[in-house]
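Here is a short report on cysteines and on a pair of packed helices. Look over the model first, then read on.

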Amino acid sequence: MVTAAHPLPRPAGRALAVRHLGPNWYASVMGTAVVASAGAALPVRLAGLRTACAAFWALSLALLAALLVARALHWTHHRDQARAHLLDPATAPFYGCLAMALSAAGTATITVGRDWIGTGAAVALGAVLFTAGTVLGLAAAVTVPYLMAVHHRPDPRQATPVWLLPLVAPMVSAAAGPLLVPYLPPGQAREALLLACVALFGLSLLATLLTLPVIFARLLTAGPLPLALTPTLFLVLGPLGQSTTAVGNIADAAPYGDSVLVVLYGVPVMGFALLWAVLATALVVRARRLGMGFAMTWWAFTFPVGTCVTGAEALGRHTGLTAFDWLATGLYGVLVAAWAVVAVGTARGLLIGRLLAGLRPAPVAPRPVTARTT
């Protein structure tokens with residue numbers, strides 16, 4: 001118990017500024033990195049596109065480094081707040097964003113960064129980021145559901161697409177891993193990594209298939225999400241687009257890869273992704289008309305859309321249909337536009353100090369006044 005005579009020291013300066021910096025901020029790294037990797041794989045060649053992708057790749061690494069330092073300060077100086085985040089069912093799932101940020105930055109490094117730092121350095125850095133992202137992703141996929149079952153015990157009516165975040169993290173690794181396969185020695189090393197990616201794909205897909213019906217049922221039976229959470233509906237696109245990307249990348253790297261499996265899985269999943277995108281867009285438009293303001297949840301408009309871009313690119317490679325090429329190009333335009341809007345909103349929120357401010361306490365109702373009679 002802290003007494004008035006011995007107050008706890010208050011962190012000052014930068015340490016105090018990161019008190020309310022949650023794990024959801026890693027979504028900015030994910031959204032920036034996917035602009036680079038998705039742009040690098042576009043079937044069209046535009047002047048300056050590769051250079052622009054390199055700029056997004058460098059920015060994603062800078063954001064990742066800054067957030068790793070800031071989150072380290074957060075855990076060092078504000079452990080009470082960090083523990084509160086873990087015990088909060090609305091915040092704990094965002095710990096999956098750290099793993100996905102690492103893997104997404106690794107993918108961008110391998111696909112784009114090699115042009116600027118060399119193939120050897122890019123593969124080495126990408127392997128480190130992929131390994132760290134995979135380990136943390138598996139930890140999040142187990143730890144967060146455990147906390148939800150043992151400590152959080154949320155009501156089914158509280159289900160939101162945010163619950164998918166720790167479950168999708170292994171799928172991001174499943175899509176990134178095959179990019180490293182050609183750089184490993186032939187034989188056991190390549191086979192082990194490839195089958196590990198298949199396992200990551202399977203565990204993430206099955207966990208998502210178990211969770212998605214709960215989210216869909218809550219949406220249909222309990223009505224639209226709160227305004228601030230409406231953008232998270234786009235998070236559902238993440239496992240859909242990323243799993244299609246993973247299947248395509250695994251087939252590209254496997255000596256026994258077959259485009260038939262990519263088509264049989266990817267085309268129906270991408271079809272559902274487009275259906276969900278229309279539904280989510282309609283609900284976002286409704287929320288915007290009702291006064292939905294900017295929040296960090298708007299980053300959900302970036303990475304999940306980016307996974308649909310890479311998924312369409314994979315289908316285009318394996319089918320040869322120009323329709324998928326056009327779909328990938330159109331979705332990439334949406335991705336870049338969304339990133340620009342969200343980046344400007346985030347920068348503005350940081351400048352005015354709103355995004356790093358704590359929640360305002362609820363006003364205390366005045367006590368009723370009772371007149372005394374004599």
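## Cysteines without a bond

A residue is called buried when its relative accessible area is under 20%. The model shown here is predicted. In this model, C53 has a relative accessible area of 0%, so C53 is buried.

Is C53 paired with another cysteine or unpaired? A disulfide needs two cysteine sulfur atoms within 2.5 Å. The count of disulfides in this model is zero. C53 is in no disulfide, and its nearest cysteine sulfur, in C308, lies 18 Å away.

Why does C308 not bond either? The closest cysteine sulfur to that of C308 belongs to C97, at 17 Å, and this is too far for a bond. C308 is also buried, because its relative accessibility is 5%, under the 20% cut-off.

## Two packed helices

C308 also takes part in a helix contact. Two packed helices are described by the angle between their axes and by the distance between those axes. Helix α11 covers residues 303-319, and helix α12 covers residues 322-351. They pack at about 165°, with axes 8 Å apart. An angle over 145 degrees counts as roughly antiparallel, so α11 and α12 are roughly antiparallel to each other. Their crossing is left-handed.

## Who meets whom

Which residues of α11 meet α12? Among them are V305, C308, V309, A312 and L315. On the α12 side, the residues include F324, L327, A328, L331 and Y332. By class, the contact of α11 with α12 has 12 nonpolar, three polar and two charged residues.

Methods: Residues are numbered from 1 along each chain as its sequence is written. This is a predicted model: local features need pLDDT of at least 70, side-chain atom pairs count only at pLDDT 80 or more; totals for chains, interfaces and linings use all residues. Side-chain values use heavy atoms; hydrogens and water are left out. Buried means under 20% relative accessible area, exposed over 50%, partly exposed in between (1.4 Å probe, protein chains only). Axes are lines fitted to C-alpha atoms, for helices over the stretch in contact, and angles run from 0 to 180 degrees between N-to-C directions. Helices (H or I, at least four residues) and strands (E, at least two) are DSSP runs, numbered from the N terminus. Angles under 35 degrees count as roughly parallel, over 145 as roughly antiparallel, 65 to 115 as roughly perpendicular and the rest as oblique. A crossing is left-handed if the near helix is turned anticlockwise from the far one by less than a right angle, and right-handed if clockwise. Contact means heavy atoms within 4.5 Å. Ala, Val, Leu, Ile, Met, Phe, Trp, Tyr, Cys and Pro count as nonpolar, Asp, Glu, Lys and Arg as charged, and the others, Gly among them, as polar.
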